[in-house]
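Colleague: I'm new to reading models like this one, and I'd love a close look at a single part. Please take me through it step by step.

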Protein chains: 2
Amino acid sequence: MVKKPATIKEIAKALNISISTVSRALHDHPSIGLVTKMRIKQLAKELNYEPNQTAIFFQKGKSYNIGVILPELSEAFFSTAVSGIEDTANKRNYTVLLAQSHDNEETERKLVAKMKNQRVDGMLISVTKNTSSYDHFEVFRKSNIPVVFFDRIPSLQNIHSVACNMETGTFEAVSFLLKRGHRVIGMINGPTTLYATGERREGYIQALIKNRLKFDPSLLVNCDLTEAGTIGAMQELLSNKRKPTAIVTFNDYVALFAIRYARSQDIAINEELTFVSYANLPLINYMDYVPVASVEQFPYLQGQKATDILIDLLNNPVKDDAKQAYYNITVESQLVINEKATI
Amino acid sequence: MVKKPATIKEIAKALNISISTVSRALHDHPSIGLVTKMRIKQLAKELNYEPNQTAIFFQKGKSYNIGVILPELSEAFFSTAVSGIEDTANKRNYTVLLAQSHDNEETERKLVAKMKNQRVDGMLISVTKNTSSYDHFEVFRKSNIPVVFFDRIPSLQNIHSVACNMETGTFEAVSFLLKRGHRVIGMINGPTTLYATGERREGYIQALIKNRLKFDPSLLVNCDLTEAGTIGAMQELLSNKRKPTAIVTFNDYVALFAIRYARSQDIAINEELTFVSYANLPLINYMDYVPVASVEQFPYLQGQKATDILIDLLNNPVKDDAKQAYYNITVESQLVINEKATI
DNA sequence: AAAAAGTGTGCAAACGTTTGTCTAAAATGA
DNA sequence: TCATTTTAGACAAACGTTTGCACACTTTTT
């Protein structure tokens, strides 16, 4: 009943030629005569021949698998990045093995072990919020499995990475607000431990400098990204001697919390107090009041680039470890005006 | 520099024993003496031996890959389901190949082809909203690749499926509202083409019957799940002779649209008009006004069950196609009271 | 006319593992 | 003590493919 899939061997036998000829013919190897090639391809089609991938993987000593470890698939940023990864990988004949760390370092460690013995050819990793030590990634180096970190990248030397430069977008965001006439602009930034927090700060300050304005540290408050933290930050900003007329928030979640709080204080959103945020998540489609603009981080693009780099690395393995060149790609963030919020 | 991973062969040679002995020893085969076994395991550990998965896959003629095709990863329902799938698959030594159809039938067809020649052992599929014909799935039957459909299942005979029974949850939801004293309960249901729409309707009616109330068809309106459609449905319900004091909405998105509209009409949410919805998405954490209760569909559990069934199917292949038994698992939905909304 | 180059194909090894069958030695039974 | 069973391990085939090398034949060059 169950007919086994056709093999190269069967084709060879049926045509009374050698296996190698069949293999070469199917790969359009130049040394095979046209007639034989046609006969072979013809029969292959008739028999519905499809190469046995497991055999090829084995033979080539590769799995054509790319492992991906990221914190949380349900975050829109990551699920979009995954789309970029998948599309690129599929296009280049690789397959994606996905796993979520759920922002748990322990899980991350386990996944690393799992991935390694699944024999992935390469890895794409976005580290956990809380990952403090990076030694568990060393096994990949030892096994000669290239790793490209994306978005959340560890502070290590000699790694490949793709990340988004937040400074540019922040600069644009603040410039945009300045152009709109705002002179007192607050910022609710993230925890100082995050690299991205520093970039936002820098962009903010640079935009002020460029416009010959003085940087007022009391207008820049850090927060832990929770709702409570955001409310605290808002209270601090709103009670400032110079009360801001616009606020840049670390991400859309913070924006949501901040806007909600502002409304509870009967502040007219984007009139009395204008908001600009980051990420541009689908979330804002469902908010009643949304930031007037968002700094886009291009997750799909980041996924694409990281995958491209990884596959290039796989196709051109370095012999000499010392001569290894490291890719550190930066995607520029970019301000996007939110049409829904035009008032 | 790059040291190749150790193989069974090397271990054999180093210990001057046969390959088969090493293989069996590592598998705790009873016919291997204790001392040899220990020696082998010892050396294997020293050499950091790890079985070459590609070789094993090839040898066993299996890929230990499970293909998953679903509409949209960024929908919380699916990303949660994927977690269930991954966890179960990993536990049982399978690997997950993920792909999104983005609710596009054409993409779905392409993915099917892709998956088949990636030589997956089995498939988990949640079909596209728009999939009208199911013949592209036939290739799996022909290649003897078992398929388990989940959540969105095609209306076909002789398939394996895991889905959530919406009737139970709907029954509970309406009963809950009745117990709270509501007597005029509206429902914004989905398009009649969806199976789940029928189940909701049935649950709604059954709850009324059970409470000796008459079913009033004018209180049950269908909609296309868009914001415009929802507003239309709301207008219809609110202008009804018997104006509802509570509304059950098809899902959280519809709930959001409906609540937003109600607020635009200055209706006090969950006082003047009470909402109950489905899904319980993270979305509602970010809504200012949320339904008082949601019908939970247990996506994680569905993913788990579907994967378990699939792997069972893989481990116990049927010889005789005619004798195939089909699994059709139903997960009961369940009402969950939303604490945030308690007023 | 002989040598060289080109063309088309076959042979066989290799990749790492599992597993059915075979054998030698040791243990058991009478 | 010899026959039988048990134990511990070896041998070799098989899985499907790719690829370096060899070979025969034909064509071109000298």
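Colleague: Which residues of helix 6 of chain B are buried?

Modeller: Happy to help! This is a predicted model, where local features need pLDDT of at least 70, side-chain atom pairs count only at pLDDT 80 or more, and totals for chains, interfaces and linings use all residues. Residues are numbered from 1 along each chain as its sequence is written, chains are lettered from A and ligands numbered from 1 in the order in which they are written, and side-chain values use heavy atoms, leaving out hydrogens and water.

In helix 6 of chain B, the buried residues are E105(B), E108(B), L111(B), V112(B) and M115(B). Buried means under 20% relative accessible area, found with a 1.4 Å probe on the protein chains only. Looking down the axis of helix 6 of chain B, you would see these buried residues fall within an arc of 110 degrees, so they line one face of the helix; the arc is taken from the directions that run from the helix axis to the C-beta atoms. An α-helix has 3.6 residues a turn, so residues three or four places apart point the same way.

What does that face meet? The buried residues of helix 6 of chain B pack against strand 1 (65-70), strand 2 (95-100), strand 3 (122-125) and helix 7 (138-142) of chain B, with contact meaning heavy atoms within 4.5 Å. Helices (H or I, at least four residues) and strands (E, at least two) are DSSP runs, numbered from the N terminus.

Now for the length. Helix 6 of chain B has 13 residues (residues 105-117) and should span 18 Å at 1.5 Å a residue, which agrees with the 19 Å between its end C-alpha atoms. The expected span is 1.5 Å times one less than the number of residues.

Both ends have something to show. At the start of helix 6 of chain B, the backbone nitrogen of E106(B) has a side-chain oxygen of N104(B) within 2.7 Å. After helix 6 of chain B comes R119(B), with a positive phi near 55 degrees.

For context, look at the DNA too. A polar side-chain atom of R24(B) lies 2.3 Å from a base oxygen of DNA strand C, and an N or O atom in the side chain of R24(B) is 2.8 Å from a base nitrogen of DNA strand D. Its counterpart R24(A) has a polar side-chain atom 2.5 Å from a base oxygen of DNA strand C and one 2.6 Å from a base oxygen of DNA strand D.

Notes: Polar contact = N/O pair within 3.5 Å; in protein donor to acceptor, adjacent residues only side chain to side chain. Buried < 20%, exposed > 50% of the residue type's maximum accessible area, 1.4 Å probe, protein only.
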